[in-house]
Amino acid sequence: MKKNWKTGVKYLVLFGMCFLGGRTVAARQAEPVSGEKRGELAILIDDFGYCGEGTEEMLALEIPFTAAVMPFSSCTEADVEAVRQAGKEIFIHMPMESLTGKREWVGEKGIFREMSEAEIKERVNEAFSILPDAVGLNNHMGSAIMEDRTALSAVMDILKERNALFVDSMTTPNSLGKTIAREKGVTFLGRDVFLDSTDSLEVVKSNLRKAAEVALEKGEALAIGHVGPEGGEVTARAIKELIPELEQAGIVFVKVSALAK
């Protein structure tokens with residue numbers, strides 16, 4: 001069956017501090033060859049905001065996906081403008097305290113357990129002031145916060161006020177994300193598969209196929225990948241090369257918000 005493509009307009013995007021220009025292509029909504037939608041796969045790409053490797057290649061992908069942008073990083077402004085120009089959906093990739101990681105990995109403007117509820121709410125609102133078109137938020141690191149009822153409840157209060165989604169990156173098996181989101185009336189989605197943290201193209205492809213299997217079995221799936229050293233060009237290449245195969249199998253690529261039914 002003939003695939004439906006939206007014709008893209010090629011133009012230069014200024015990447016400011018990072019690099020001058022990347023070709024972007026308008027996202028398409030593909031249909032499976034069978035003509036019946038069998039499985040929706042949403043890909044959330046973390047770590048925009050650092051001008052990381054693979055940023056340009058990822059934004060050139062001709063499928064819908066959601067870009068999770070670090071709100072307080074050196075390249076936040078440049079990267080988010082590139083994301084907007086590419087027509088990708090935006091999430092806040094909120095830095096949060098980890099149980100094991102170094103504090104500097106979170107950054108000065110992360111969310112930490114010693115903060116008051118008012119301070120946490122102020123920090124989340126600040127992130128939304130920087131990324132006002134973000135439709136949701138997911139945690140960067142954050143295993144400590146995801147297990148802390150008081151801190152996580154403060155985050156969820158702001159998401160509820162802003163009618164924003166929450167995606168749990170599932171950095172701890174003891175996450176309270178789903179429980180507290182339900183209590184607060186926040187739409188919750190959980191990560192099914194991590195795509196990368198490897199420089200092996202075949203490993204990323206294998207993980208992407210696993211995500212597709214989940215989508216075909218459950219009707220939908222959410223996979224998380226990265227730009228920068230955790231994924232970058234390898235992840236972008238793996239996704240690009242597998243698009244025809246997965247669409248042939250019945251996968252429809254969607255934005256994360258499309259799973260919020």
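Before we start, a quick definition: Ala, Val, Leu, Ile, Met, Phe, Trp, Tyr, Cys and Pro count as nonpolar, Asp, Glu, Lys and Arg as charged, and the others, Gly among them, as polar. One more thing to keep in mind: this is a predicted model.

**Exercise 1. Find the largest pocket and describe its lining by class.**

Step 1. Start with the space itself: the largest pocket has a volume of about 320 Å³.

Step 2. Now look at the walls. There are 18 lining residues, and Asp47, His140, Ser197, His226 and Glu230 are the closest to the pocket's centre.

Step 3. Sort the lining with the definition above: you get 9 polar, 5 nonpolar and 4 charged residues.

Step 4. Check which elements contribute. Strands β1 (39–48) and β4 (136–141) each give the lining at least two residues, and β4 has the largest share, with 3 residues.

**Exercise 2. Work out how helices α4 and α6 are arranged, and which residues touch.**

Step 1. Locate the pair: α4 covers residues 117–130 and α6 covers residues 149–161. Their axes come within 9 Å and cross at roughly 40°.

Step 2. Name the arrangement. Because of that angle, α4 is oblique to α6.

Step 3. Add the handedness: the α4 and α6 crossing is right-handed.

Step 4. List the contact. From α4 come Glu117, Ile120, Lys121, Val124, Asn125 and Phe128. From α6 come Thr150, Ala151, Ala154, Val155, Asp157, Ile158 and Leu159.

Step 5. Sort the contact residues of α4 and α6 just like before: 8 are nonpolar, 3 charged and 2 polar.

Technical notes. Residues are numbered from 1 along each chain as its sequence is written. This is a predicted model: local features need pLDDT of at least 70, side-chain atom pairs count only at pLDDT 80 or more; totals for chains, interfaces and linings use all residues. Side-chain values use heavy atoms; hydrogens and water are left out. On a 1 Å grid over the protein atoms alone, a cavity is a set of points where a 1.4 Å probe fits but cannot get out, and a pocket is an open set with protein on both sides within 12 Å along at least five of seven lines; lining residues have an atom within 4 Å of a point. Grid points are joined across faces, edges and corners, and a volume is the space filled by probe spheres set on the points. Helices (H or I, at least four residues) and strands (E, at least two) are DSSP runs, numbered from the N terminus. Axes are lines fitted to C-alpha atoms, for helices over the stretch in contact, and angles run from 0 to 180 degrees between N-to-C directions. Angles under 35 degrees count as roughly parallel, over 145 as roughly antiparallel, 65 to 115 as roughly perpendicular and the rest as oblique. A crossing is left-handed if the near helix is turned anticlockwise from the far one by less than a right angle, and right-handed if clockwise. Contact means heavy atoms within 4.5 Å.
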